[in-house]
Amino acid sequence: MTGFTVALVLVVATAGLLRWRRPAWYWLTFGVTFATVRVLVRYASVMDACGLTVPPSRWRLALARATNRPVPESRAPRILRLRPTRTGLVLRLKLRPGQDAFDLAAASDRLRHSFSMYGVTSRELRSGVVELRMTGYDVLKRVQMPAKADTRPMRVPVALREDGSIHYRDYREVPHALTLGATESGKSVYQRNLVAGLAPMDVALVGIDCKQGVELFPLARRFSALADNPDTAVELLDALVKRMEGVYRIIRAEQRITADVPDAEIAAGIWDLPDELRPTPIVVLVDEVAELALFATREEEKRRDRIVTALVRLAQLGRAAGIYLEICGQRFGSELGKSITMLRAQLTGRTAHRVNDETSANMAFGDIAPDAVLAVIQIPADMRGVAITGDSTGGWARIRAPHTTLRHAVNICNRHAHRTPELPELAPFRPVLTGTSAGSAPLSKAAPATA
Ligand SMILES: Nc1ncnc2c1ncn2[C@@H]1O[C@H](COP(=O)(O)OP(=O)(O)OP(=O)(O)O)[C@@H](O)[C@H]1O
């Protein structure tokens with residue numbers, strides 16, 4: 001036996017032994033080749049077995065009869081493209097007459113078993129063309145974000161989807177979002193990833209962290225305004241509403257100039273304004289929203305009503321003024337008092353981490369994607385950070401953000417501290433940065449924060 005044959009036998013034997021464990025590196029070294037060959041060789045028989053073929057058309061049958069040939073076989077969707085990726089394979093299929101995208105979606109679990117893949121998901125690209133994404137291993141087990149991401153202004157690659165693609169938080173497409181989850185489910189890590197993704201962009205970050213500031217205050221260098229208690233939060237939200245009204249006045253002034261000019265675009269939001277006039281967009285991050293909505297005394301009730309009213313106004317009118325809400329909490333339902341469900345209805349983007357009961361899952365998806373409720377309940381307790389994300393289109397996906405530590409997020413914020421815009425309306429809430437620890441000093445308005 002030559003040296004080459006021995007090496008080949010060793011490689012094949014090692015690959016065979018490792019196949020059942022399927023770590024990510026196994027996939028990259030051997031799996032991708034095996035899976036491509038397997039899918040191509042088994043394609044016709046698997047499609048037939050999964051009921052994804054159509055009988056030959058009448059003219060093909062007639063032609064076979066006329067030329068005295070055997071009866072043609074049923075045909076599977078035509079493969080337009082097969083692309084191996086870092087996590088699996090992507091197949092683009094042209095459907096045969098009589099098939100629809102739902103046929104493939106309904107057969108995805110059968111396809112997964114038949115092709116020996118970890119996961120198969122399908123989505124319609126355009127009429128008659130469906131994309132099947134196959135993953136060779138559990139990509140959410142240890143999240144590694146793809147090196148290349150399609151970054152655009154106000155679009156953050158925040159997590160990995162179970163089909164291996166990137167999940168983006170796009171503020172211009174989905175202005176406001178709600179993130180729910182039980183304690184220790186991964187909400188703060190998700191929010192940290194958002195801050196780290198937004199830090200290099202031209203955006204002002206505003207934080208309301210009612211967990212005594214433990215999550216957002218270490219990131220203070222990149223924040224234009226911070227509040228760590230409901231009293232400061234109510235003033236900060238009022239200031240944001242005032243700023244929103246100011247931005248509306250700028251848009252109105254710009255409209256008067258262009259309304260008389262035929263064929264000119266009329267500004268309907270900050271993104272239609274010329275660069276030199278465009279106010280800085282603002283992302284408002286609220287951690288533990290229930291703390292803002294709970295009250296014990298009459299005074300606190302009045303404060304709570306002011307807070308919720310300001311949040312509703314920002315959610316209703318903020319998009320055009322470039323003010324986007326990112327609200328995080330353990331529960332967000334009618335038990336938090338009046339106007340909460342009205343606010344929730346404005347939060348288009350929904351992300352739910354592990355929850356402890358069906359009611360909490362319903363708060364996230366009951367009104368937009370009822371089948372996602374079951375998926376939320378099924379998130380295992382030992383997979384912290386795994387979440388279900390959906391939007392008003394009714395679609396949903398399983399995602400997990402990379403495990404970004406607080407130290408890593410702080411480093412990113414410090415690196416981009418020079419990008420922190422100074423907004424005059426929010427100046428009183430700008431964190432005062434000192435080199436020393438804030439210790440036991442109350443972190444209220446203009447409080448020192450360390451990073
Ligand atoms: N995406 C992730 N990947 C791996 N581990 C994670 C991920 N997200 C969270 N974790 C783990 O779960 C722990 C709790 O996460 P996190 O602090 O974000 O939860 P939380 O929902 O904000 O909890 P609480 O509401 O109690 O503050 C983290 O310390 C981390 O170890």
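Let's start at the ligand, with helix H6, residues 187-198: this helix gives the most to the shell around the ligand, with 3 residues. Please keep in mind as I talk that we are looking at a predicted model. The shell has 13 residues around the ligand, and those that come nearest are Gly 186, Ser 188, Val 189, Arg 384 and Gly 385. What kinds of residues make up this shell? They divide into 7 polar, 4 charged and 2 nonpolar ones.

Now let's step back to the whole chain. You can find 13 helices and 16 strands in it. The chain has 451 residues, and 38% of them count as buried. If you take the contacts with a separation of 6 or more, 64% of them are between residues 24 or more positions apart.

Next, the sheet. Have a look at the strands on your screen: 10 of them form an open sheet with mixed pairing, and the order is E6-E5-E14-E13-E12-E7-E11-E10-E8-E9. Which strands sit at the edges? They are strand E6, at 166-170, and strand E9, at 223-227, and each of these pairs on one side only. On average, neighbouring strands of this sheet are turned by 25 degrees against each other, direction ignored.

Let's zoom in on one end of that order. Strand E8, residues 204-209, and E9 run parallel, and 4 bridges join them. If you would like a pair to click on, Leu 205 has Phe 223 in E9 as its bridge partner. A helix also packs on the sheet: helix H12, residues 370-377, touches strand E12 (349-352), strand E13 (386-390) and strand E14 (396-400). The direction of H12 makes about 175 degrees with that of E13.

Here is a residue I would like you to find for yourselves: Val 283, in strand E10. Is Val 283 buried or exposed? Val 283 counts as buried, because there are 23 C-beta neighbours inside 10 Å. Leaving out residues up to four places away in sequence, Val 283 touches Tyr 171, Leu 198, Val 203, Leu 205, Tyr 324 and Glu 326. You have just met Leu 205 as the bridge partner of Phe 223. There is also Pro 175, which is 108 residues away from Val 283 along the chain, yet their C-alpha atoms are separated by 9.3 Å.

Two loop residues deserve a moment for their backbone angles. Glu 288 is found in the loop between strand E10 (282-287) and helix H8 (290-293). Its phi is near 60 degrees, which is a positive value in a residue other than glycine. Glu 288 counts as partly exposed, because it has 18 C-beta neighbours inside 10 Å. The second one is Ser 339, in the loop between strand E11 (323-329) and helix H10 (340-346). Ser 339 is not a glycine either, but has a positive phi of about 75 degrees. With 16 other C-beta atoms within 10 Å, Ser 339 is partly exposed.

Let me finish with the domains. The domain assignment gives domain 1, 3-135, and domain 2, 155-449. How many residues of domain 1 are in contact with domain 2? There are 7, and they meet 4 residues of domain 2. On the domain 1 side, the elements that give two or more residues are strand E3 (119-126) and strand E4 (129-135). By class, that side of domain 1 has 6 polar residues, 1 charged residue and no nonpolar ones. Thanks for listening, everyone!

Key
Residues are numbered from 1 along each chain as its sequence is written. This is a predicted model: local features need pLDDT of at least 70, side-chain atom pairs count only at pLDDT 80 or more; totals for chains, interfaces and linings use all residues. A residue is near a molecule or strand if its C-beta atom, placed from the backbone, lies within 6 Å of it. Ala, Val, Leu, Ile, Met, Phe, Trp, Tyr, Cys and Pro count as nonpolar, Asp, Glu, Lys and Arg as charged, and the others, Gly among them, as polar. Two strands pair if DSSP finds at least two bridges between them. Axes are lines fitted to C-alpha atoms, for helices over the stretch in contact, and angles run from 0 to 180 degrees between N-to-C directions. Two residues are in contact if their C-beta atoms, placed from the backbone, lie within 7 Å. A residue is buried if 20 or more other C-beta atoms lie within 10 Å of its own, exposed if 12 or fewer, and partly exposed in between; C-beta atoms are placed from the backbone. Domain bounds come from an automatic or database domain assignment.
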